[in-house]
Amino acid sequence: MSSSNNYFSHPGKLISEHLKNVADNARFIAKSNRLNLSQFLSEEVLYDVVYIIGAAHDFGKFTKYFQEYLFAEKPEKKHLKNKPETRHSFISAIFVLEVLNEYLKEKELLEKEYYKYLPILAFHVVRRHHGDLRDILDDLSINEEEVEICRKQISAINFTDVQKIYDSLFGEINFSFDLKIFEKKIFGPIFWAYELKDKARDLEELRTPFFFLLQLFLYSLLLDSDKSDAAELLKIERKSLTGNLVDKYRAEKFGSNAVGINAIRNEIYNEVTSSVKEVNLEEEKIFSLNVPTGSGKTLTAFSFALKLRERIEKEKGFTPRIIYSLPFLSIIEQNYDVIDEVLGHPASDVLLKHHHLSEIFYSSSEDEYNGNEADIGKSILLIEGWNSEVIVTTFVQFFHSLITNRNRAARKIHNIVNSIVIFDEIQAMPHQYWLLFESLINFLAEYFNTYFIVMTATEPNIFKYSKSLIKIKSKGKFFSSLNRYLLKINEQETSLENFVSVITEHLRKEREKDFLIVMNSIKSSIKVYDALNNTAAENDVIYYLSTNIVPKTRSERITEIRKPSEKRKIIVSTQMIEAGVDIDVDVVYRDFAPLDSINQTAGRCNRNFKSRKGEVNLVNIFQENEVNGKKYFPKTIYDSFLLSKAEETLNKKQSIEEKDFLSLTEKYFVKVTEGKSDDKSTEILDNVRCLNFSEISKFTLIEKDYPTVDFFIALDENAGNIWAKYEQISNDETLSSFEKRNEYLKIRKDLNDYIISVPKNLAVGFEEGTINFISNELLNNFYDKETGFKRENSGNGVVGF
């Protein structure tokens, strides 16, 4: 005799319990969010839709085919898994479609605008809950063969048992559904499938990102609730953070007697943070913090976010997460360490770091998760879901989670909604995506109650049409009060060889000053470093920084550079150092670049406002090439459009004081705004509005023009041990592919500490798409411990990041 206790979703887990848990949790999360969607849908209907998706998403697991597969032994299990009758997502998707049709019909909403598309979105979400989203029209291309498999599956379900389960599940929302309606649909003609495609085409005509963001929100709720229940994750309780945490930290660390640059930092901090009480929480959701480099933006923005969170919690009844997003890995560690210190070195449920090189061990304040290796699968779920109060991450992680079709990336969308997002160094956003960025951010702010703080010393004109953008009132005063350096512009082109001679002479004349030389390519930076290293004085310490050296060495050198020293520091770098890396030198030399990059590099000069004015020298360097003549290094890595706008802005200027950079930068970004193309943004927005997920999947925030080859550099004994572990995992035939993935993830951060990517044309004979091993014995053939991968005989390829 059958009963509801005979059906399982996973080994040891009753399907009735799983469906109830997923539906309840998804609805709980949805109700915890505060959305402004009344223009489109009622809240109660949305909550019920979320519940129905959760309750219906595994309907196909009630078939005898799936139950036989679940409990089969290994050889038979593999055979059963590949049978189309075992698969459950498609039949479950049609089931949720029909359930929602009946639900909306009962509420007389099925033909109303916006509501009538909900069944299609739910179908799409459930059909792809074990994969990535595809184009909605493709998913709705249902054929007779697929429906015939559904008919077999329907015939293999005990409707009496399943009806009882759904009577109980849907009774929770005062709704009932007769499964015979679904049976009749499946065994009838499939003209309904053609009607669905017509309705989806109508959806495209509405030209709104609403359905895209709602689709991702529903997808995220189902994915997170489903995976969390299947993995039996304990619920992570939200943690309290007071709004005065940074106030206390600053008082303890810096005291109250501030002079010079610290007095200016205090003034900026006080003005910005005190303005929180004046914010209109309903109307003002995008904030601009445009202040000079080195003026304490990190602590100021974080304090503003904490105080804003506290106000929202008290007045609006929800607690935003704080997402701190940065463009470069080189500054993530630095900013994370500051926030970690402010928060008192908390567990992962309070502060989480997430990027492709970060650790994957999750810990909680109550010790439910302690980051041990046994919890690796659970750690991955918790980290990738952004289950923390404060998340420090990259632009790439954020935007590839928002503009995505990928299952793993989209699972955190519900935790982005209702959050406070800080975009640090926003000038790094590629100009071709400004319109896309503005459109989606404005929509999230207005309808999904998400707050944004954009900050930079060089503010691009992204939010020109935003009604809710609030700017700091006294930014002009702060820029004019800081006049730390003079930018000298050398209009004469200079060869790389001549440039080295100029630098060498300057270093000889001013031996007491620290220097930073920023080049536009790795190849030119190595040539400068080698030349200076050969002529260095006894008291000089020369540092080399670029992505040509392994991440572990880069991190160690940045830490060393930031320490006080009696010796004179000479730093040779690519532009990886230009934004956010907290170093202070007396003299800067910078190869020509877009104006925001020039300004950011200049921000490393006299950063702490010493009595003596700093000096920044802008040069335009070329290298003679027997085949192509002069090769200008800026043009090898920078957008020629941005370079031309920088040249126009700086035209005929011989020098610029820091205090004049604000007006100059504003003129530059006006030129960029007027001349830029929005074609890429418009194309993606069109695909967003039409739910063309195959095209959306092609979005990359940072485009790479050249193929690369990865190398693991066995630089020391530790590297050798890590590689041995990697090979052991790779060669272990007892591990399944899933188990291997989890074992790889345990060593991912350590492995990546020794990996560099090199342009393919510089790595002839090495494999692309794998990790090439450079052993310690072969190290001298391929890698220099000071400057990294050896390029002297490697052709003309350049890379500067």
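User: What makes strand 5 and strand 6 count as paired, and which residue of strand 6 stands opposite His-354?

Analyst: His-354 stands opposite Thr-393 in strand 6. Two strands pair if DSSP finds at least two bridges between them, and strand 5 (residues 351-354) is joined to strand 6 by 4 bridges in the parallel sense, so the pairing criterion is met. On strand 4 (residues 322-326), Ser-325 also stands opposite Thr-393, and strands 4 and 6 pair in the parallel sense over 5 bridges. Strands here are DSSP runs of E with at least two residues, while helices are runs of H or I with at least four residues, both numbered from the N terminus. This is a predicted model, in which local features need pLDDT of at least 70 and side-chain atom pairs count only at pLDDT 80 or more, whereas totals for chains, interfaces and linings use all residues. Residues are numbered from 1 along each chain as its sequence is written, and side-chain values use heavy atoms, with hydrogens and water left out.

User: Why is strand 6 called largely enclosed?

Analyst: A residue is buried under 20% relative accessible area, exposed over 50% and partly exposed in between, with a 1.4 Å probe and protein chains only. Since 5 of the 5 residues of strand 6 (residues 390-394) are buried, the strand is largely enclosed by the rest of the structure. In a regular strand the side chains alternate between the two faces of the sheet. Val-390, Val-392 and Thr-394 point one way and Ile-391 and Thr-393 the other way, and all are buried.

User: What makes the unit of strand 7, helix 21 and strand 8 right-handed?

Analyst: A crossover is right-handed if, with the strands pointing away from the viewer, the path from the first strand over the helix to the second runs clockwise. Strand 7, helix 21 (residues 434-447) and strand 8 make a right-handed β-α-β unit. Strand 7 (residues 420-424) pairs with strand 8 in the parallel sense over 5 bridges, and Val-421 stands opposite Phe-452. Strand 3 (residues 286-290) also runs parallel to strand 8, with 5 bridges, and there Ile-286 stands opposite Phe-452.

User: Why does His-57 count as buried, and which side chains does it join through polar contacts?

Analyst: His-57 has 0% relative accessibility and therefore counts as buried. His-57 lies in the loop between helix 2 (43-56) and helix 3 (64-70). A polar contact is a pair of N or O atoms within 3.5 Å; within protein, one must be able to donate a hydrogen and the other to accept it, and residues adjacent in sequence count only if both atoms are side-chain atoms. The side chain of His-57 is joined to that of His-18 at 3.4 Å and to that of Asp-226 at 3.3 Å, so both distances satisfy the limit.

User: Why is Gln-153 called buried, and which residues is it in contact with?

Analyst: Gln-153, in helix 8 (residues 144-155), counts as buried because its relative accessibility is 2%. Contact means heavy atoms within 4.5 Å. Leaving aside neighbours within four places in sequence, Gln-153 is in contact with residues including Thr-63, Tyr-65 and Arg-87.

User: How many disulfides does the structure hold, and what would make a cysteine pair count as one?

Analyst: A disulfide is a pair of cysteine sulfur atoms within 2.5 Å, and the structure holds 0 disulfides. Cys-150, with a relative accessible area of 1%, is buried, and Cys-690 counts as buried at 11% relative accessibility.
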